[in-house]
Amino acid sequence: MQDSKEEKPPTAPDEIVKLSKYKISSDANPREIFWALVKACNEGENLEALAKKHAGIREALVNIGCSVLEEDPKAYRVKVTKLKLAHCMFSMIALGGWGDVLERALSHLYERKKGPDLNMLMAFGEGFSKNREKVGPWLKEIITMDRPSEAVLAYIANAGDREMVSELRGELLNIARTEINEPQTYSMESLSVLLPQDKEVVKLFLDMMDDWDLETKKMTLETLCAKEIPEAGKKAVSLYPYEQDEKFRITLERIVDKNWEECKPEFTKLMGSLEGKELVEVATLAKKIYGKAAKKLVPKEMGAEKKKAVDAALD
């Protein structure tokens with residue numbers, strides 16, 4: 001019998017009381033725990049506490065979430081859309097402090113041919129904005145591994161988030177300069193959001209305009225088509241007469257056209273220094289860009305043979 005003078009046991013904290021509605025046995029199936037977390041997220045209650053409580057099985061929970069995200073939503077135990085489910089998954093990782101399984105989640109929801117899962121991509125962008133102090137350092141650690149994660153770089157590139165790229169700028173620049181294939185391409189796609197203001201990124205793209213890797217070269221030139229960068233236009237003029245691939249020649253022409261005013265001195269300089277076929281190619285490009293006004297770009301002092309070739313190209 002309780003002594004009348006004995007104090008009543010303390011009232012359970014509100015957090016514990018609220019968590020009780022999600023109470024599940026310690027030996028519950030991880031799938032049941034996953035849906036309890038989704039329910040908490042969907043109802044806006046105590047997801048952080050639950051995620052931290054079940055951090056010991058975070059790998060299993062992420063694996064389950066990735067497989068569920070590819071299932072028909074009609075089979076879900078909680079009424080949520082795929083987008084909401086992706087948001088819940090990213091929130092579990094961020095709020096639970098599960099930084100070591102972030103790469104696992106993104107890799108499971110990435111295919112080289114299809115790219116990132118669109119629902120997770122949206123959750124990734126919003127999740128970074130809401131949890132930048134946590135997620136930023138996690139991303140830096142992941143992409144500075146011996147072999148940076150292709151999947152994570154794909155998510156960063158497709159997110160198109162200027163703040164995210166600014167935070168990862170140094171790491172992305174290093175990958176773009178030292179890696180090849182997809183990691184290099186994705187890092188450059190990410191950095192393109194900093195053009196044309198970031199001069200170091202501009203230099204990177206200028207260096208890659210004639211890169212040996214055709215995919216990198218293609219991505220570089222197509223990116224520069226949409227940007228007004230005088231240095232890119234001038235380099236495009238100098239590359240044009242030596243480019244053999246017709247598709248690349250067309251892209252170079254578009255870059256020159258984007259920067260047509262600033263490219264005029266480059267045309268004059270090259271027509272004064274080039275000979276033969278290359279000279280004719282530059283003169284022909286000048287005619288495409290400036291029309292009849294291209295004749296004004298011809299150097300005043302030019303040998304008779306060269307002038308004859310240029311005049312023929314410009315007529």
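**View 1. The largest cavity and the residues around it.** In this predicted model, the largest cavity is lined by Phe34, Leu61, Val62, Met89, Met92, Ile93 and Trp98. About 40 Å³ of space lies inside. If you scan the whole structure for cavities of 30 Å³ or more, the search returns 1. Two elements give two or more residues each to the lining of the largest cavity: helix H4 (58-69) and helix H5 (82-96). Helix H5 supplies the largest share, with 3 residues. While you are looking at Phe34, note that Phe34, Trp35 and Tyr76 make up one aromatic cluster.

**View 2. The largest pocket, with strands S1 and S2.** How big is the largest pocket in volume? The value comes to about 170 Å³. Its lining is made of Glu70, His108, Leu109, Tyr110, Glu111, Lys114, Gly115, Pro116 and Asp117. The elements that contribute two or more residues to this lining are S1 and strand S2 (115-116). Keep Tyr110 in mind, as this pocket-lining residue returns in the next view.

**View 3. An edge-to-face pair between Tyr110 and Tyr186.** A pair of aromatic rings is described by the distance of the centres and the angle of the planes. The model has 7 aromatic pairs in total. One of them joins Tyr110 and Tyr186 edge-to-face, with 6.5 Å from centre to centre and 75° between the planes. Distant parts of the chain are linked here: Tyr110 belongs to strand S1 (residues 110-111) and Tyr186 to helix H12 (residues 181-191), 76 residues apart. Are these two tyrosines buried or exposed? Tyr110 and Tyr186 are both buried.

**View 4. Phe267 meets Tyr290.** Here is another edge-to-face aromatic pair, formed by Phe267 and Tyr290, with centres 5.5 Å apart and planes at 85°. Phe267 sits in helix H17 and Tyr290 in helix H18, so the pair ties together parts of the chain 23 residues apart in sequence. Both residues are buried.

**View 5. Helix H18 and its surroundings.** Does the length of this helix come out as expected, or otherwise? At 1.5 Å a residue, the 15 residues of helix H18 (residues 276-290) should span 21 Å, and the end C-alpha atoms are indeed 21 Å apart, so the two agree. The buried residues of H18 are Leu279, Glu281, Val282, Ala283, Leu285, Ala286, Ile289 and Tyr290. An α-helix has 3.6 residues a turn, so residues three or four places apart point the same way. Cover for the buried residues of H18 comes from elements including helix H15 (230-239), helix H16 (246-258), helix H17 (264-273) and helix H19 (304-314). Just after H18 comes Gly291, which has a positive phi, near 65°.

**View 6. Leu252 and its partners.** Leu252 is found in helix H16. Its relative accessibility is 1%, and because buried means under 20%, Leu252 counts as buried. Which residues does Leu252 touch, once its neighbours within four places in sequence are set aside? Its contacts are then Met209, Leu221, Ala236, Leu239, Tyr240 and Glu243. Leu221 and Leu252 are 31 residues apart in sequence, yet their C-alpha atoms are 7.0 Å apart in space.

**View 7. Arg249 over the ring of Tyr240.** Tyr240, one of the contacts of Leu252, also has a charged partner. The charged end of Arg249 sits over the Tyr240 ring, 4.3 Å from the ring centre.

Key. Residues numbered from 1 in each chain as written. Predicted model: local features only at pLDDT ≥ 70, side-chain atom pairs only at ≥ 80, totals over all residues. Heavy atoms only, no water. Helix = DSSP H or I, 4+ residues; strand = E, 2+ residues; numbered from the N terminus. Expected span 1.5 Å × (residues − 1). Buried < 20%, exposed > 50% of the residue type's maximum accessible area, 1.4 Å probe, protein only. Contact = heavy atoms within 4.5 Å. Phe/Tyr/Trp six-rings, centres within 6.5 Å; stacked < 30°, edge-to-face > 60°. Lys NZ or Arg CZ within 6 Å of the ring centre and 35° of its normal. 1 Å grid on protein atoms, 1.4 Å probe; cavity = no way out; pocket = protein on both sides within 12 Å on 5 of 7 lines; lining within 4 Å. Points joined across faces, edges and corners; volume = space filled by probe spheres on them.
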